[in-house]
Structures are given as C-alpha cells and as structure tokens.
Amino acid sequence: MRITDSLKLSSSAIFRQKLRASLTILGISIGIASVVLLTSIGEGIHRFVLAEFTQFGTTIIGITPGKESTLGVSPGVFANERPLTINDSIALKRIPHALAVVPSVMGNAEMKANNRSRRSTVYGVGPQMPEAFSFKLSTGRFLPDDDSNASRAFAVLGHKLKQELFAEKNPLGQKIRIGGNSFRIIGIMEPKGQILGFDLDDTVYIPASRALNLFNRESLMEIDLMYEQGSDEKKIVNAIKKLLIARHGREDFTITTQQQMLDVMGNVLNVLTFAVAALGSISLLVGGVGILTIMLIAIQERTSEIGLLRALGARRNQILWLFLGEAIVLAAIGGFAGLIFGYVGAQVLHVAIPALPVHTPVIYMLLAEAIAIIIGLVSGVLPALKAAKMRPIEALRTE
Amino acid sequence: MSISDLLRFSFAAIIRHRLRTALVLIAIAIGVASIIILTGLGEGARRFVLGEFSSLGTNLLIVLPGKSETGGAMSVFSGATTRDLTLQDASSLKRHPQVRRIAPIVFGAAEASWQQRSREAPIIGSSSEMLSIRHWSLAQGRFLPPGELTQASAVCVIGKKIAEELFAQTNPVGKNLRIGDRRFRVIGVLASSGRTIDLDVQNIIIIPAVSAQNLFNTPALFRILVETRTRDSQEKVKKFIINTMKSRHQGEEDITIISQDALLGTFDKILTALTLTISGIAAISLTVAGILIMNIMLITVSQRTTEIGLLKALGASRYQIQIIFMTDAVLLAIAGATLGLFLGQGGNLFIHQLFPALDNSAPTWSVVSAFLVAICTGLIFGAMPARRAANLNPVQALVHH
C-alpha cells in the first residue's frame, strides 16, 4: 500500500462520518483552546510583571539596612540601631563602574500649595535618580547636585500631585509646604503610573537629607546603585560589601541585585503559567478519552473492512498505521482548530479587558499542536493495535 | 412503556457496549473529580489564610501613622511621617469604654548577642497586653510586666528559635541578652509557633515599647493595635480614634485605620473568586465530556435504527422515543458523576494525607453543583441525538438493514 493510499483511506474514513469526526475534533479543540488561552494569559502576566521590573533597568543593586530578611523586606528598613546614612551613599560613589548612587527614604506628609492641601507620599532621593531609574522630566529640572548633607530646599512634583495642587497653572518657582517645611518647586515629572502598588505620580521628590530631617530619622530606607552595563556584577557586589563592612564594622545590611529579583520573579511566574496550563489540560485529557472511544467504535464497525484488507495482503503494520493515522489526523485538525479558537479568544479577551495582558508565543502554539498530535497517537494506539491483531478470517466473517 | 421497561431498555444498551460506556463514564468522572479536587484545594487555601489572619487577634483595629488620599496606600506602609504616632497617643486611646486592650508597636531590627553567639533579629517594642491581643502563649517565664506604657525596663521576651540559636542548651530565663548596645534580661520564652503574616514568632525579640524607642532612637510608633470589646463597637471606636487623634494632632487627620474584619473580607472575596475561576476552568472539561456523550449517542441511534423503527411501528410515540434516549444520556451522566464524586473525594483525602495542615474538604455547594452540571451536560448533549431518533421515519428505519 502506498502512503497516498493510506492517507486517502484514513481521510475517507473521517469524511464518511462527518458529524462524528467533527464532534471528536471539537472535543480536542476545546481542550487545546483552553490550554492556549490560559497560557496566553499566564505568559501575558509574566511579561507584564517583568516589564514593570525592568523598566528601571537591570543594572541596579539595592542596599537596605538590616540583615534579617523576611518576605523580601528587612525589618531594618523601619528602624535600626545601625543606620544606613547619606555618607554611606556618598562613599558608594567611589565603587568602580558605579554610574549613579541614589539614597532614598519614603514617607507620608501633608502638602500645601496654591491654597490647596493634600496628603501624599514624599520621596527623599538623590540628584541622580532620573538617570538611575530612567525617569523623565516634563518641565523644569531635577534636584541639583548639591552637597548631599546640605541640600537646598527644592522639590520636584509628580504628575498627578501637580494636577491636584496646581491644575493647569505653572507651578515652577512656586512654594510648596511639606509637613511644615517650605520647598521651592523646580521641576515636574512625566506621568509614570502605578508600579506594584506604589503610585509614582502622586508624589513629591525632595533631597534625601531634607526628608530625613522631615521624618526625624537617621537611616535611609534604601540605597540604589546603578552600574555600567557589561561590568561584572559579582565584583561590584563584593566591592559594596567590603566598603560598607569597613564603614560599619560588620555586615548589617542586605544587598539585592535586580537580577536576583528578576530570577525569583521569573521562577514564580513560570510556575504560575505551568499551573494554568495544567488546569487547561484536564479538558485535553477528556478530549483524548473521546478520541479513544470513537476510534474503538470505528474499528468495531469496520471489522469486515479490516478483514478484507488483511485478506488482500495488507500487513499488520499497515493496518496499525492506518488507524493510528486516523487518530492523529483527527487530533491534529482538532489541535489546529483549538489553536485558532484559543488565539482569537485571547485577543478578544484583551480587547474586552485591556488591563489583562495576553501574549501567545509561537513556541507555545507549536507545543500545543505537538501535544494534540501526541494525544492522538496515545489514544489511537490501543484501538489500532486491536485492529492490527484481528485475524482476517474471523474479521471477514463478522457482519 | 413503564419506567422499568425504560430503564431496562437503556441498561441493555449500556451493558451491550461495556468498553464504550466505561470510557464515557471515565470522561465525565474526570471532569467532576477535577472540579471537586480543585474547589477543595481552593477552599483549603481560603480556610488556611483566614485562619492565619484570625489567629492574629479578634476585633482588632490597626492604627497606622500617615494617610494617603489616592490608591497609593503603600506609602503609609513605611511608617515614616512628619507627625509621629507616640506612646501618649496610644495611652489616650485607652479612654474609650469599648476599648479592651491596646498594644503600641515599635518595629525594627537589631543585633542580639549572648556570649560568643550573635545574630540579627526583628525587634518588637510593645506592652504587656500584646500577649492577649495576639493570642500568644509562653513556654517559660513571663511576658512583659504590666504598667505605664512610658516606663522603660531592660527586660525582653524571646522567640523559641532565638532561644535555641543564642542559648542552645542553657536556660535563657534570667540571662542578660545584649541587643544593640544595651542589655536586656530575658524573662520569658514564647511558645507559639506559626507565623504572624510576615514574621515568624519563633524569630522575634519583644521588649517594652519605650526601650525599643530608645534603642532605635525614635519617638515614633510603627502601629497601634486596638482591641475592641465587641465586634459591633468597631465603628464607634474607629470614630473615637479619628477624633482623638485629630484633637491631639492640631486638627489634622493624619492616620489610617485598618480593621481586621475589612482585611479578612477582602481576602475572603479574592480567594473565593479564585476558587470559582479554577473550578470554572475545570468545568470546561465537562463540556468536552458532553460532546463525547453526544457523539456516542448519535452512534447508538444509528446502530439501533431498526430497533427504533420496530418500536415506532409498534406504536411508540416520538415523545416516548425521545424519553428513551434522554434516559440513556442522563443515566450515563449520573453514573459518571457518581464515579467522579468518589474519585474527587478520594483525591481530596489523599491530598489531605500529604498536607495535613490543609483542610481541603470540598464545600457542599461545589459537590452539588458539579453533580448538577454533569447531569445538565447529559441533558443538553443528549437532546440532539434523542430528537434525531424520534424523527426517524418508521418505514425507512425498519428497512434500514
């Protein structure tokens, strides 16, 4: 039997029973569609979260006070007896390959300007913040490079805070009172949006030393160091460790690199995508049982046909592949239909709920199709073996 | 046709094709079992999280310094504000008759050492009432002594792990522990295991609030925990707290109050939604099983065409034929759902054996609805084949062979 003949036989069997075949295909396609749809959502969220993180750049090393770390936040951030100081951040500038060092402290305060008042977040930062975190200014300029321990009382407004306090007026040069202290506004940031629960637009940026005074604190909450692209991260981390241990007498700080954060995030999100794919494949399993059942029935119905083929000299192998082929073709068509359903479904979902990011990588689609074919193969094996084992005489005799 | 005839007719078809029937049952059972197992897991997770939260205390209000007007609620989290919450603020809250207990919290990290051993540990500065508010218990010694909040004393209560790591075999009670540059006498060891959301109780050191303020050189409190006498009085107490703080803070409302109930409610909602979603996804597999039922029924109808023709020739109405095949589909669905029920409950028991901490018994609503959905699937997907059988022309059906 030639290959074209086998194909023709397999496909004619499918076409003869159009309704039956299309229902089987529908079963498989629902399974594949749900897998594709769910992994698209998983992958979309994965990319979204990674993009949120990498928008600050990947060459950032964070240093926080305190060594003991639970859930990623060290209690030392809130209070400690060995503060991380602005002088520490000045010293860190000497680390080779360090491009920018940003001390930061964050808190909540009441702001008054233009006869309006608002409670919001205050970030005490260093002058290099825009370049370290790739933030952009919409007007004016950022905090100047003053002596870090005697910075002038300048403030830069976040986009939303400017809207709330000044609406359409130009705030540059105006005064703003933050927790009773007066600052002069010298710039406005571009809108940045919410990042992981922090609204970066409803904020005001002031020099870190001023913020420490404002909040009556000694210790910074974090120092971020951005290094040159392509330099050895390990060496830099070691240099930071050495320098700070020399300054503090012991290791009472925690260093987290952006890369570590990304790795941990990536792992968590991969598990998530895998879990939703597993949820979707329950339907796929049921679809596989469907193929198995239908193929068993088909073989029962075509027993005499198989007998005839065997009597005409078809080998067991050929019968085996004939039915296996039918199962695979059914599954492959179902898989392809499912791919299209799943992809279109994901796109529709994205249009309906724009906040939900979706992404369907080509490799996932190919994988899903491959899984469909494997399901066809696995669920076709039993019926095909059954067909191949039939004795031609008995098979011919059955009616 | 009597019901017993109907059932016999249906069973005959089911028994005749044992393998086929078994496979359909398996398909339905997979769907039902996965719904039951997944809702069990979801419910288990929900119960676990809610249990963790309620173990933090009951009728709790948490007062945080600072207030944010937009969704950026995270900015209050850091605790740094221009006007701190102080111990005097905390004492003033005791005045309300509905306030049962109060615990100020100062939070930070410091190095603790005894002889040659040292480690960094989270330090909680609080008061004697913390023990009752958080439902902690002691393994040894006693908790912080009651008294004025503003009274400093050099005593500490340590978590179990801290005791093991720093004191090893020695009895820590009565020993002097060095925290930062000060000395504290250990007066008790906490027995409680488990976590308080973000901190392991075994890993903390508790000292009087004022001592912690001195240690960290700050007048500020991180939070104030307020336990009300009853659940109903929470709103009243909330108003009282806001008013008191306003009058103490020059008329400015610069605090945020979170009630434990609101927090619990939010988590409850999120986790219930999650459970519903995953069981919904599992229910898709029942649709696939339904399609299989339909396919098998169509095949049965075509294989039993002569039989149907005979029944019709003997005077069976279209309605009766339809009932016969619907019975077939529903019987399959019920049998499959029952099988799935046992598989699902068995799976839940098995998972419970693996993770005894997880109470993952499936809720009744999920078991009932999985069963109902399976039967509906049988009804919906059996309808088309049944109609097809009923519409057969008796003469043509009889000469079919």
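A:Arg184 is partly exposed, with a relative accessible area of 35%; that value falls between the 20% below which a residue counts as buried and the 50% above which it counts as exposed. This is a predicted model, so please read every value here as computed from predicted coordinates. Beyond this arginine, the points below look at how chain B and chain A meet, where 63 residues of chain B and 61 residues of chain A take part, and then at chain B by itself.

**A:Arg184 and its surroundings**

- A:Arg184 sits in strand β7 of chain A, which covers residues 181-189.
- Once neighbours within four places in sequence are set aside, the contacts of A:Arg184 are A:Ala153, A:Phe154, A:Ala155, A:Gly173, A:Gln174 and A:Lys175.
- With one of these, A:Gly173, there is also a polar approach: a polar side-chain atom of A:Arg184 lies 2.7 Å from the backbone oxygen of A:Gly173.
- Another arginine, A:Arg118, is 66 residues away from A:Arg184 along the chain, and 17 Å separates their C-alpha atoms.

**Where chain B meets chain A**

- Together the two chains bury about 5,000 Å², and 66% of that area is on carbon and sulfur atoms.
- Three salt bridges are found across the interface of chain B and chain A.
- A salt bridge links A:Arg119 with B:Glu252, and their closest N and O atoms are 3.0 Å apart.
- Eight residue pairs are in polar contact across this interface, with both residues at pLDDT 80 or more.
- On the chain B side, the elements that each supply at least two residues are α2 (18-54), α3 (74-77), β2 (99-114), β3 (117-126), α7 (209-216), α9 (260-303) and α12 (364-390).
- Of the elements on that side, α9(B) gives the most, with 16 residues.
- By residue type, the side of chain B that touches chain A comprises 32 nonpolar, 19 polar and 12 charged residues.

**Chain B as a whole**

- Chain B contains 13 helices and 12 strands.
- The radius of gyration of chain B is 33 Å, whereas a compact globule of 401 residues would have one near 21 Å.
- Measured out along the principal axes, the C-alpha trace of chain B spans about 100 × 55 × 30 Å.
- Of the 401 residues in chain B, 53% are buried.
- Taking the contacts in chain B between residues at least 6 apart in sequence, 79% join residues at least 24 apart.

Key: Residues are numbered from 1 along each chain as its sequence is written. Chains are lettered from A and ligands numbered from 1 in the order in which they are written. This is a predicted model: local features need pLDDT of at least 70, side-chain atom pairs count only at pLDDT 80 or more; totals for chains, interfaces and linings use all residues. Side-chain values use heavy atoms; hydrogens and water are left out. Helices (H or I, at least four residues) and strands (E, at least two) are DSSP runs, numbered from the N terminus. Buried means under 20% relative accessible area, exposed over 50%, partly exposed in between (1.4 Å probe, protein chains only). Contact means heavy atoms within 4.5 Å. A polar contact is a pair of N or O atoms within 3.5 Å; within protein, one must be able to donate a hydrogen and the other to accept it, and residues adjacent in sequence count only if both atoms are side-chain atoms. Buried area is the accessible area (1.4 Å probe) that two parts lose on being put together, summed over both. A salt bridge is a side-chain nitrogen of Lys or Arg within 4 Å of a carboxyl oxygen of Asp or Glu. Ala, Val, Leu, Ile, Met, Phe, Trp, Tyr, Cys and Pro count as nonpolar, Asp, Glu, Lys and Arg as charged, and the others, Gly among them, as polar. The radius of gyration is taken over C-alpha atoms; the globule rule is 2.2 Å times the number of residues to the power 0.38.
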